[in-house]
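Please open the model in your viewer with the sequence alongside, and follow the selections below in order.

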Amino acid sequence: MEKHEFFKCIELHKRLKEKVKGGVFIGMNNGTMTVSISGFRGVRYTKFYNNIPNWIDYDKVADELYYDYRRFILEKFCY
């Protein structure tokens, strides 16, 4: 992982941890960002992002991930 990729992961982790209860794991491998959230009862949500630009808006990505994770949990347990 390169230095700028590391900073992207740290910044996104900080923004997601404010919104999500559970373990947030973010990693980069060959330009692909992997976001994994471990919730209660062993539920794991994983999302992959390819070709992340350098001008990424962390708040927008964190909001998108939060709402997608929320939809995933609601579909799994409420419907």
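Helices here are DSSP runs of H or I with at least four residues, numbered from the N terminus. Keep in mind throughout that this is a predicted model. By that assignment Phe-7 lies in helix α1, which makes this residue a convenient starting point.

**Helix α1**

With Phe-7 selected, add Phe-6 and Ile-10 and switch on the surface: the three residues form a nonpolar patch there, with about 310 Å² of accessible area together. Next select Glu-5, which also has its place in helix α1, a helix that covers residues 3–19. Which side chain of opposite charge is nearest to Glu-5? That side chain is Lys-8, at 6.5 Å, and Glu-5, although buried, has no salt bridge; a pair would count as a salt bridge within 4 Å, nitrogen to carboxyl oxygen, so the distance to Lys-8 leaves Glu-5 without one. If neighbours within four places in sequence are left aside, Glu-5 is in contact with Met-28 and Gly-31, and these two residues lead the tour onward.

**The strands**

Select strand β1, residues 23–29, together with β2, and note that the two pair in the antiparallel sense over seven bridges. To check the register, pick Gly-27, whose bridge partner in β2 is Thr-34. The two strands form a hairpin with two residues between them, and in the turn Asn-30 has a positive phi of about 55 degrees.

Now keep β2, residues 32–38, and colour by accessibility: this strand is mostly covered, with five of its seven residues buried. In a regular strand the side chains alternate between the two faces of the sheet. On adding strand β3, residues 44–50, you will find that seven bridges join β3 to β2 and that these strands run antiparallel. Thr-32 has Asn-50 as its bridge partner in β3. Between β2 and β3 there are five residues in the hairpin, and Arg-41 in that turn has a positive phi of about 55 degrees.

**The loop before α2**

Move on to Ile-56, in the loop between β3 and α2, the helix of residues 58–77. Is Ile-56 buried or exposed? Its relative accessibility is 12%, so Ile-56 counts as buried. Measure from its C-alpha to that of Leu-12, and the viewer should give 9.8 Å, for residues that are 44 apart in sequence.

**Salt bridges**

The structure holds six salt bridges, among them the following. In one, the side chains of Lys-14 and Glu-11 meet at 3.6 Å, N to O; because these residues are three apart in helix α1, about one helical turn separates them. Widen the selection to include Arg-15 and Asp-59, and a network of salt bridges linking these two with Glu-11 and Lys-14 comes into view.

Then select Lys-19 and Asp-63, whose side chains meet in a salt bridge at 2.2 Å, N to O. This pair links distant parts of the chain, since Lys-19 is in helix α1 and Asp-63 in helix α2, 44 residues apart. Lys-19 is partly exposed, with a relative accessible area of 36%, and Asp-63 is partly exposed at 30%.

Finish in helix α2, where Asp-68 and Arg-71 lie three residues apart, about one turn of the helix. Their salt bridge has its closest N and O atoms 3.0 Å apart. Asp-68, at 18% relative accessibility, counts as buried, whereas Arg-71 is partly exposed, with a relative accessible area of 47%.

Notes:
Residues are numbered from 1 along each chain as its sequence is written. This is a predicted model: local features need pLDDT of at least 70, side-chain atom pairs count only at pLDDT 80 or more; totals for chains, interfaces and linings use all residues. Side-chain values use heavy atoms; hydrogens and water are left out. Buried means under 20% relative accessible area, exposed over 50%, partly exposed in between (1.4 Å probe, protein chains only). Lys and Arg count as positive and Asp and Glu as negative; His and the chain ends are not counted. Contact means heavy atoms within 4.5 Å. Two strands pair if DSSP finds at least two bridges between them. Patches are made of residues with over 30% relative accessible area and no salt bridge: like charges are joined within 9 Å, nonpolar side chains (Val, Leu, Ile, Met, Phe, Trp, Tyr) within 5 Å. Accessible areas come from the Shrake-Rupley method with a 1.4 Å probe; for residues, only the protein chains shown count as cover.
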